[in-house]
Amino acid sequence: MLCTALFGAPRMVRPYSDEIMNQFALENLSMEDMEEAANDGDPSAMEQLAMAYLNGDDEVDENPEKAYYWFVKLAETGDDQAMFNVGLFTAKGFGTDRDFAKAAEWMQKAADEGDEDAEACAAESRKLAE
């Protein structure tokens, strides 16, 4: 998105127009079309589905198992926040079986990808696994 800064100089700021258009397009998809896009590998669609099933919305009820499924799919694309969420879900047993060792693995993956909070959570999950 183009913005004008002091003295009229144009600057690029986030979110960029293509990100806004992609987000707008996804928000207007049916759940069936959103799932198709997610199954075709669209990370934004995966995130939208995960959040829809996590919180529930106009089209779907809350469904922790489906939220977990889509967060795993998104994590497998390398998204560190999704990796953290999968670790958190796994540690809490939310949408999946509780497994501290597996939670520690996901948290470590998130830390390796740059998530600042994940290292401490990985260490805590490792302690709980023992």
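## Contacts around W70

Contact here means heavy atoms within 4.5 Å. On that footing, and leaving aside neighbours within four places in sequence, W70 is in contact with E35, A38, N39, M46, L49, A50 and Y53. Keep in mind that this is a predicted model.

W70 shows up again in the largest nonpolar core, where it is listed with L49, Y53 and V86 as the residues with the most contacts inside that core. Two of those names, L49 and Y53, are also on the contact list of W70.

## Confidence and overall layout

How confident is the predictor on average? The protein averages a pLDDT of 84, and 79% of the residues score at least 70. Residues 1–12 are the part to read with care: the pLDDT there is below 50, and the stretch has 16 contacts in the model beyond near neighbours in sequence.

As for the fold, there are seven helices and two strands. Going from the N terminus, the order is β-β-α-α-α-α-α-α-α. Of the contacts between residues at least 6 apart in sequence, 31% join residues at least 24 apart. Buried residues account for 29% of the 130 residues. The accessible surface is about 8300 Å², with 49% of that belonging to carbon and sulfur atoms.

## The core

In soluble globular proteins, nonpolar side chains tend to be buried together. In this model the largest nonpolar core has 29 residues. At least two core residues come from each of α2 (31–39), α3 (43–55), α4 (64–75), α5 (80–92), α6 (100–112) and α7 (118–129). Helix α4 gives the largest share, seven residues.

## Helix α2 and what follows

Which residues of α2 are buried? They are M31, M34, A37 and A38. Looking down the axis of α2, these buried residues fall within an arc of 120°, so they line one face of the helix. One of them, A38, is a contact of W70.

Just past the end of α2, G41 takes a positive phi of about 100°.

## L74 in α4, T90 in α5

L74 is in helix α4, and it counts as buried at 3% relative accessibility. Setting aside residues up to four places away in sequence, L74 touches P43, M46, E47, D79 and A82. M46 is also among the contacts of W70. Along the chain, L74 and D42 are 32 residues apart, yet their C-alpha atoms are separated by 8.9 Å.

Over in helix α5 sits T90. Is T90 buried or exposed? With 1% relative accessibility, T90 counts as buried. Its contacts, again without neighbours within four places in sequence, are Y68, T96, D97, R98, D99, K102, A103 and W106.

## Helix α7

With 12 residues, α7 reaches 16 Å from its first C-alpha to its last, close to the 16 Å expected at 1.5 Å a residue. Its buried residues are A118, A122 and S125. These cover an arc of only 65° around the axis, which puts them on the same side of α7.

What do the buried residues of α7 pack against? Their partners are α5 and α6. Turn to the face away from that buried side and you find the exposed residues A120 and K127.

Technical notes:
Residues are numbered from 1 along each chain as its sequence is written. This is a predicted model: local features need pLDDT of at least 70, side-chain atom pairs count only at pLDDT 80 or more; totals for chains, interfaces and linings use all residues. Side-chain values use heavy atoms; hydrogens and water are left out. pLDDT is the predictor's confidence in each residue, from 0 to 100. A nonpolar core is a set of buried Ala, Val, Leu, Ile, Met, Phe, Trp, Tyr and Cys residues joined through side-chain atoms within 4.5 Å. Buried means under 20% relative accessible area, exposed over 50%, partly exposed in between (1.4 Å probe, protein chains only). Helices (H or I, at least four residues) and strands (E, at least two) are DSSP runs, numbered from the N terminus. The arc is that of the directions from the helix axis to the C-beta atoms. The expected span of a helix is 1.5 Å times one less than its number of residues. Accessible areas come from the Shrake-Rupley method with a 1.4 Å probe; for residues, only the protein chains shown count as cover.
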